[in-house]
Amino acid sequence: MQVKNTYSTVDFYLASFLKARGLKIVNVKKENGRSVFIFEDIRERENCVRDYYNNGLIEVGKFKSALQDLKSIIHNL
């Protein structure tokens, strides 16, 4: 299945925030020594990014779990 609309970021904490908010990771790849997190883009993504930069609230357990998941992914690339 090819996902047409994606959103990419190299910001580990933003990626964790987006994952905790429910965005689906489509791919993670290395580019120039950095991990690039690629998400399926949804209409609410723009608001999620804005919330992140404005210190939006998120459930701590979900954020911690997302951090651990992404660390595991990048250490296995």
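Let me begin with S35, a residue found in strand 3. Please keep in mind throughout that the model before you is predicted. Is S35 buried or exposed? With a relative accessible area of 12%, S35 is buried, because the cut-off for that class is under 20%. Which residues does S35 touch, once its neighbours within four places in sequence are set aside? The contacts of S35 are T9, V10, K29, K30, I74 and L77.

One of those contacts, T9, leads us to strand 1, which covers residues 6–9. Strand 1 has two faces: Y7 and T9 lie on the covered one, while T6 and S8 lie on the uncovered one. As a general point, side chains in a regular strand alternate between the two faces of the sheet. Strand 1 is joined by four bridges to strand 3, residues 34–40, and the two run antiparallel. Within this pairing, T6 of strand 1 has E40 of strand 3 opposite it.

I turn now to helix 1, residues 12–20. How many of the nine residues of helix 1 are buried? The count is seven, so helix 1 is largely enclosed by the rest of the structure. The buried residues in helix 1 are F12, L14, A15, S16, F17, L18 and A20. What covers these buried residues? The cover includes strand 1 and strand 3, the two strands I have just described, together with helix 2 (45–53) and helix 3 (60–75).

Let us step back to the chain as a whole. It has three helices and three strands, and from the N terminus on, their order is β-α-β-β-α-α. Among contacts between residues at least 6 apart in sequence, 73% join residues at least 24 apart.

As to overall dimensions, the C-alpha trace spans about 30 × 25 × 20 Å along its principal axes. The radius of gyration of the chain is 12 Å, which agrees with the value near 11 Å for a compact globule of 77 residues. Buried residues account for 29% of the 77 residues.

Finally, the surface and the charges. The chain exposes about 5500 Å², and carbon and sulfur atoms supply 46% of that area. There are 13 positive and 9 negative charges, and the mean positions of the two sets are 3 Å apart.

To close, I would return to the opening residue: S35 is buried, and its place is in strand 3, the strand that pairs antiparallel with strand 1.

How values were computed:
Residues are numbered from 1 along each chain as its sequence is written. This is a predicted model: local features need pLDDT of at least 70, side-chain atom pairs count only at pLDDT 80 or more; totals for chains, interfaces and linings use all residues. Side-chain values use heavy atoms; hydrogens and water are left out. Buried means under 20% relative accessible area, exposed over 50%, partly exposed in between (1.4 Å probe, protein chains only). Two strands pair if DSSP finds at least two bridges between them. The radius of gyration is taken over C-alpha atoms; the globule rule is 2.2 Å times the number of residues to the power 0.38. Contact means heavy atoms within 4.5 Å. Accessible areas come from the Shrake-Rupley method with a 1.4 Å probe; for residues, only the protein chains shown count as cover. Lys and Arg count as positive and Asp and Glu as negative; His and the chain ends are not counted. The place of a charge is taken as NZ of Lys, CZ of Arg, CG of Asp or CD of Glu.
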